[in-house]
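Hi everyone, thanks for coming. I'd like to walk you through one structure today, so have it up on your screens.

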Amino acid sequence: MKKKMLWVLLAAVTCALALTGCGKSDQDKADEVAEKIDAIYVQNWTEDTEKQCKEAKDAWDALTKDQKKLVKGENADPDYFGKDTGDASKDDPLNGNKIGDKEILVVSFGTSFNDSRAKDVGGVEKAIQKAYPDWSVRRAFTAQIIINHVLARDGESIDNVDQALERAVQNEVKELVIQPTHLMHGAEYDELMDSVKEYKGKIKSIKVAEPLLGEVGKDASSVNADKAAVAQYITAEAVKKAGFGSPEDAAASGTAFVFMGHGTSHTAKISYSQMQKQMEDLGYSNVFIGTVEGEPEDTSAEAVINKVKKAGYKKVILRPLMVVAGDHANNDMAGEEEDSWKSQFDASGAFKSVTCQIEGLGRIDSIQQLYVKHVADAMNK
């Protein structure tokens with residue numbers, strides 16, 4: 001009898017210590033996956049990152065459909081692996097070697113939305129490659145969190161900036177032109193420049209092109225040719241998509257366009273105020289600039305709703321002021337949650353209709369050509 005009881009006790013202890021978990025609840029199993037997702041939801045890369053990404057996906061795949069619904073962590077949720085954002089195989093990560101002497105490195109913040117990555121980031125990259133067929137175009141993302149997400153979910157490996165620069169060194173690139181797709185000279189751009197400094201001397205020539213909106217300028221009235229061009233291009237695209245012949249036609253119908261950017265606490269946030277000033281200078285009285293973060297303050301959802309309401313427009317079309325139509329565009333702008341911009345505009349009760357154009361700037365041909373021009377300007381420095 002004692003021997004039998006000993007075996008029962010040993011079995012219980014073994015069961016409790018087993019990695020697979022004997023008698024674990026559905027929530028326990030879901031929590032383990034959430035922990036693995038949170039472990040890769042980080043901005044730093046380590047030698048264990050690839051292994052951690054694989055372990056997180058394998059653990060997710062081992063869950064039942066009902067268990068997957070229970071996944072919730074600091075950043076983890078069922079959408080991390082479960083949300084359908086398009087076919088990743090349609091995207092080219094541009095991480096190949098055999099680069100040659102001349103490389104154009106297109107650096108983006110990045111997005112885990114597969115369709116947007118292919119159309120918006122890929123659209124800019126393809127336009128640059130077409131314009132410079134004798135150069136090798138490669139990609140880097142500044143957001144390691146996004147790189148990890150795409151790697152874990154889709155098995156697609158995208159270089160971060162340091163990896164891309166090291167790839168250039170190992171391939172003995174002589175001339176490197178870096179084209180950031182960032183909107184402005186903000187925090188991401190500053191981090192990029194810090195990384196570039198470390199490679200001075202390792203590559204014979206490194207030139208960095210301007211971000212989309214060019215130089216920041218000293219105050220809200222400081223606009224430049226880049227901002228003027230972007231204001232015209234994005235408004236024309238939004239107007240065309242909405243079925244109007246001109247911004248004036250849209251205004252006459254009581255329709256306003258709201259472009260939602262990210263916002264930033266960086267000093268470059270004045271760029272958003274400059275874009276609003278540029279819209280006004282162009283006579284676009286029905287075009288408004290907002291930001292998710294509400295920085296600058298007059299670009300918050302509440303502030304913009306009041307502006308549009310005060311101007312008397314009854315129909316609103318929301319569109320991202322972002323290179324990609326990723327998480328911010330799909331959720332913060334067009335999502336069903338009560339704090340999304342669409343929900344807030346609807347809740348105000350001031351408008352007959354609120355619709356969304358979920359398209360990034362990177363797929364607009366004229367925006368792509370502006371990046372091409374920035375590359376040319378950098379080459380001619």
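I'll go through the strands, then some backbone oddities, then the pocket, and finish with the salt bridges.

One thing up front: this is a predicted model, so keep that in mind as I go.

Okay, strands. Let's start with β3, which covers residues 175-180. Is it buried or exposed? Five of its six residues are buried, so the rest of the structure largely encloses this strand. On one hand, β3 pairs with β1, residues 102-108; the two run parallel and are joined by six bridges. If you want a spot to click on, Val106 has Gln179 in β3 as its bridge partner. β3 also runs parallel to β4, residues 205-208, and there we have four bridges. Here the pair to look at is Leu176 with its partner Ile206 in β4. To get from β3 to β4, the chain goes through helix α9, residues 187-197, and that β-α-β crossover is right-handed.

Now the backbone. In general, most residues other than glycine have a negative phi, and most peptide bonds are trans. We have some exceptions here. Which residues does the cis peptide bond join? Those are Glu295 and Pro296, with omega at about 5°. You'll find Pro296 in the loop between β6, residues 287-291, and α13, residues 301-311.

Then there's the loop between α5 and β1, where Leu94 sits. Leu94 isn't a glycine, yet its phi is positive, about 50°. Lys98 is in the loop between α5 and β1 too, and its phi is positive as well, near 50°. Their surroundings are worth a look, though. Leu94 has 19% relative accessibility, and the cut-off for buried is under 20%, so Leu94 counts as buried. Lys98, at 81%, counts as exposed.

On to the pocket. The largest one has a volume of about 1500 Å³. It is lined by 47 residues, and the closest to its centre are Phe109, Ile146, His262, Asp327 and His328. What kinds of residues make up that lining? It divides into 18 nonpolar, 19 polar and 10 charged residues. Helices α5, α7, α9 and α14 each contribute at least two lining residues. So you can see α9 again here, the helix from that crossover.

Last topic, salt bridges. Side chains of opposite charge can pair when their charged atoms come close. The count for this model is 17. Let me show you three.

First up, Glu32 with Lys24, where the closest N and O atoms are 2.3 Å apart. Glu32 is partly exposed at 32% relative accessibility, and Lys24 is partly exposed at 23%.

Next, Arg117 with Glu156, at 3.1 Å between the closest N and O atoms. This pair links distant parts of the chain, 39 residues apart: Arg117 is in helix α6, and Glu156 is in the loop between α7 and α8. Are these two buried or exposed? Both are buried. They also belong to a network of salt bridges that includes Asp91, Glu125 and Arg139.

And finally, Asp281 with Lys277, 2.9 Å from N to O. Both lie in helix α12, four residues apart, about one turn of the helix. Asp281 is partly exposed at 44%, and Lys277 is partly exposed at 29%.

That's my tour. Happy to take questions.

Methods
Residues numbered from 1 in each chain as written. Predicted model: local features only at pLDDT ≥ 70, side-chain atom pairs only at ≥ 80, totals over all residues. Heavy atoms only, no water. Buried < 20%, exposed > 50% of the residue type's maximum accessible area, 1.4 Å probe, protein only. Pairing = 2+ DSSP bridges. Right-handed = clockwise from strand over helix to strand, strands pointing away. 1 Å grid on protein atoms, 1.4 Å probe; cavity = no way out; pocket = protein on both sides within 12 Å on 5 of 7 lines; lining within 4 Å. Points joined across faces, edges and corners; volume = space filled by probe spheres on them. Nonpolar A, V, L, I, M, F, W, Y, C, P; charged D, E, K, R; others polar. Salt bridge = Lys/Arg side-chain N within 4 Å of Asp/Glu carboxyl O.
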